[in-house]
Amino acid sequence: MDPEDLRYGLANFHRISKEIIDRYEGYYAQYMGDGFMAYFSYPEAHEDDVYRAVLTGLQIVEAILRFNVELKQQYGFELQLRVGVNTGQVVVDEFVVGDPPNVAARVQAAGIPNAVVITEITKQLLPPGAFDYEDLGTRELKNVGPLRLFRVLDRLDRHELAADLRVDRPLIGRKKQLDLLSEHWEHVKEGSGQAVIVSGEPGIGKTKLVQRFEALFGTQAAACLRFNGSPFHRNTMLYPVIENFQLAARILPADSDDKKLAKLQAFLEPFINAAEMLPLVSRLLAIPRQLPHYVSPERLLQQTFNGLIEIVLQYANRGPTLLVFEDCHWFDATSLSLIDRLIPLVGNEPVLLLFTTRSSLTPQLQEKHYLTQIALPRLRSNEVGDLIQAIAGDKILPRQISTKIAAKANGMPLYVEELTKMVLDENVSKSTADSIDLMTALDSAIPLTLRDPLTSRVDRVKGRRVLQLAAILGRTFDFELLLSATSLDADVLARELLHLVDAELLYQKGPLLRSAFFEFKHALIRDAAYELLTKAERESYHRKVGQLLEEKFSERAKAQPEVVAYHYTQARIYEKALHYWYEAGKQSADRSAHNEAVGHLNQGLKLLPSIDDSTLRTKSELLLQTSLGNSLRAIKGWSNEGAKQAYMRAFQLCEEGGFDEHTVPAVFGLFSWNFVRSFLGEARALAEHLLKTAAHMNDPAYKVIAHQALGFTLFAQGNFTAAHESLECSMSLCENSKTALYFHLSGQDPCVHVRLYNGMALWQLGYPDRALQMCADASALVDTSHHPFSEAMARTVGLRVHQFRGDAAAVAKQADSAVAISEAHEFVHYLAMSLILRGWALANLGEFEKGIVDMQNGLEKQRGGGALLYETYALGLLADACVTNGRYGQALDFLSQAEKRLESESNSDRFYASEIYRLFGEVYLRSDNDVTRAEQCILKGLAIAREQRSRSSQLRLLSSACDLDRSPHIDSYRRQLAELYMSFREGFGTADLVKASERCGIPAAAPSRA
């Protein structure tokens, strides 16, 4: 055989195999010449990874057999392959460690050409009925031993994995859980708020338990509100709330904007905060209504949260209130945040919060210690029998049939119901009972999983095509959109939907059919109907729905671009899908729903390989990566590794494609990452790159950002004069009217941020009062903008300036508010620094133990997030607190850590270097009275301060030098201090200048106004 021909065959073998593995989200791990190893459940696990692995093997065999036709015709040979599959636990690091891969290799070696062979454990984990098998018996495998093997013959058609399903079955085996809910309701009626989470695997009966509870006690509630999760809207901000308002206000998609607004206004009218809520809820529901003034997205989100919570509390004022949150595993991140805010606030209100979720999908809820957990178990055998009889009613099933159902259902209420209904349907559909063999029917029509019961029900129902088309629209849909998507007239569609409602496959929400919403009784029914469509049919319908949303339902498309994106993705119209995923991400980010934004943007990034137009592909990826970086930075912090990768990719695309207008957001994102991580050399280079880019831009906003970046870096490096000049330049170009543009370019407001850094620079240069005024100016801007991030920044950096001035009382007075706002909005960077500064103040005011805990907690948070910027400063504050309280050994430890950073990392922050050496001198002088070592350290710090032109640091160092009474240079130090003191024109009331006046014997000047 010609080696080049063989190479062609093997190359295509690997290509085809990898494509199929990728399609089923496996991991093509190890290339081994004429073979390979693939893993499933790594790097991302799925509920059906065993099934995916076996199916992948079958499809690779089929694909290679098709490829062999070409190979035989062109090169005269064919490929044969063997596939072995095994399942088990492994450890994945640089290598896969464990027996399963080795066993899989031995199974493959013992297998049959052009076949998939699996181990018994793998077969046991596959859904029963998913495949046909040939039992190969027990084989002796080298270095493994005897194993029973099976050949997978084929995949059965219409396989569907089980998922949760809403059903209308009798409630059996749940008395204990229902009694527990009843007890909590009694507490609620007495005025004590309760929160309960009902969890369990799909089909266990969570919904039915809640439905029965509502039926028994719902009439006692003054209000009952329901919020439903949706798998299509897991990244749609506050979707359960939006749906609730639409239903409660009877807002229909066909309503005009004025009519929608009128309905919403009428619904909100009874609430005290109706006027405040109307513009907020209108915005949520995408009803055009101008806000009275600009409000930042973060502030708007907080106002929305506060208003929604206030509505709940007003309901509670009317009497016991029940809030049901169904399918929380499909809730978006913002809705879960709202729930987190709500739960603690209802403790003293007559409110019951009742959640349902799958067992492992909402740990953020289940880990709450104040939630009562109700985990639903499977039914016991006697309970299964009771359930079968309740469903059968007056019909008597043969005992062997009931036993078969019980065995197959394995205690799952949903399985019991669907298997029993299927048997009853088979019995009723025949003309005489004698003509049926129920056992045979059960064996052939009902496999061991829930797949076939659901598929069979959908397959045989009248109106199946309508059900399948409705499945394209999602779990919830409305009559108008479904009518537009079908070729049926309205009357025919109405009759079909009524039949589906009567068949208990759909719920109808609303009394008037043509204005009603419909919902699949559960997601699994929808999935079963959907999977019965061919791939070509699905793509065709998704394309049609996407076009309808764009052209006929444009307002809906504008309000929920992620839905349009989903349909175009499924239709394989990737260019349009890409556009809508980006719009969905941008819309979510504008609302501060950054978790949802990340989900949408990642969906868009997945589509890039499918875009043929290279220019469009590059431009789209640039926009997606930049937006992704911004949202990751907002969620995870400025030093997040994922944000860095996104910005790096965006910057690379700018360089390759020449997209100058997009360079600033990408480069500023990279600058921020390097700056906060204290990689100041890289940050300096990126700041200078921003300056060069901004020079070619007409809008001065770009220069504002560029000079800000350079000024920040220069300050951190200890070049205070140059930093002040650059920051002044940035301030002179700042325009308050361009706040939105600044946030787009950099994710922050330079009008505030630059003033704060300029305040710190002014203190270093010897202007302590101007420094304080600069921070006050920044705070005034924050009071106007009401932006939480800017407020946290202003409060925290303001504390730094007070600390520079030595004013522990001022720091202590203001630190709690800085900590509070940083905690409330999860601004980890500013929370860490405000804790450190609060701790410093407490330690200096006599509460050393309490203060040191705060400081170490803050430093741990700082290091945990990778934010190493100003770590030297934090260590210096810890040392200062220890020196003040006579803890010299601890002080030396912190100072040694700081010195190690200063000496080993040339680009680390240097602005506090002189103070570190001054503190060394204080420790040596106070602990051992070692004047020589103390003087050496103080002189080293003084040299640094003079090089940095920091007059305030020089003043502090010379004051410490004047305490070296036994130094032969004491008179020189006093003369130098006097000369420096006389050069100051402000700040005479600060601790440093008061001390300097005492040390050099010059009467204190009149205190200047701060």
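**Exercise 1. Determine what share of the residues of the protein counts as buried, and describe the overall build of the model.**

Solution. In this predicted model, 56% of the 1010 residues of the protein count as buried. Turning to secondary structure, the protein has 46 helices and 16 strands, and its C-alpha atoms fill a box of roughly 120 × 85 × 55 Å along the principal axes. Among the contacts with a separation of 6 or more, 67% join residues 24 or more positions apart. As for the surface, about 43100 Å² is exposed, and carbon and sulfur atoms supply 49% of that area.

**Exercise 2. Classify the aromatic pair formed by F675 and F712, and work out which parts of the chain the pair ties together.**

Solution. The structure holds 39 aromatic pairs. For F675 and F712, the ring centres are 6.0 Å apart and the angle between the planes is 35°. A pair requires centres within 6.5 Å, and planes under 30 degrees apart would count as stacked while those over 60 would count as edge-to-face, so the pair of F675 and F712 is tilted. The next step is to place the two residues: F675 belongs to helix α29 (residues 663–676) and F712 to helix α31 (residues 701–717), and the pair therefore ties together parts that are 37 residues apart in sequence. Finally, burial can be judged against the cut-off of under 20% relative accessible area: F675, at 5%, is buried, and F712, at 3%, is buried too.

A second pair can be treated in the same manner. The ring centres of F911 and Y912 lie 5.6 Å apart with the planes at 50°, so this pair is tilted, and both F911 and Y912 are buried.

**Exercise 3. Identify the rings over which the charged ends of K123 and R770 sit.**

Solution. The charged end of K123 is placed over the ring of F150, at 5.1 Å from the ring centre. For R770, the ring is that of Y767, with the charged end 4.8 Å from its centre. Considering charge across the whole protein, there are 110 positive and 126 negative side chains, and the centres of these two sets lie 1 Å apart.

**Exercise 4. Decide whether E899 is buried, partly exposed or exposed, and describe its surroundings.**

Solution. E899 is found in helix α41 (residues 888–904). Its relative accessible area is 22%, which means that E899 is partly exposed. When residues up to four places away in sequence are not counted, E899 touches Y917 and F920. The C-alpha atoms of E899 and G876, which are 23 residues apart along the chain, are separated by 9.8 Å.

Conventions: Residues numbered from 1 in each chain as written. Predicted model: local features only at pLDDT ≥ 70, side-chain atom pairs only at ≥ 80, totals over all residues. Heavy atoms only, no water. Helix = DSSP H or I, 4+ residues; strand = E, 2+ residues; numbered from the N terminus. Buried < 20%, exposed > 50% of the residue type's maximum accessible area, 1.4 Å probe, protein only. Lys NZ or Arg CZ within 6 Å of the ring centre and 35° of its normal. Contact = heavy atoms within 4.5 Å. Areas by Shrake-Rupley, 256 points an atom, 1.4 Å probe, with all protein chains shown as cover. Lys, Arg positive; Asp, Glu negative; His and termini not counted. Charge placed at Lys NZ, Arg CZ, Asp CG, Glu CD.
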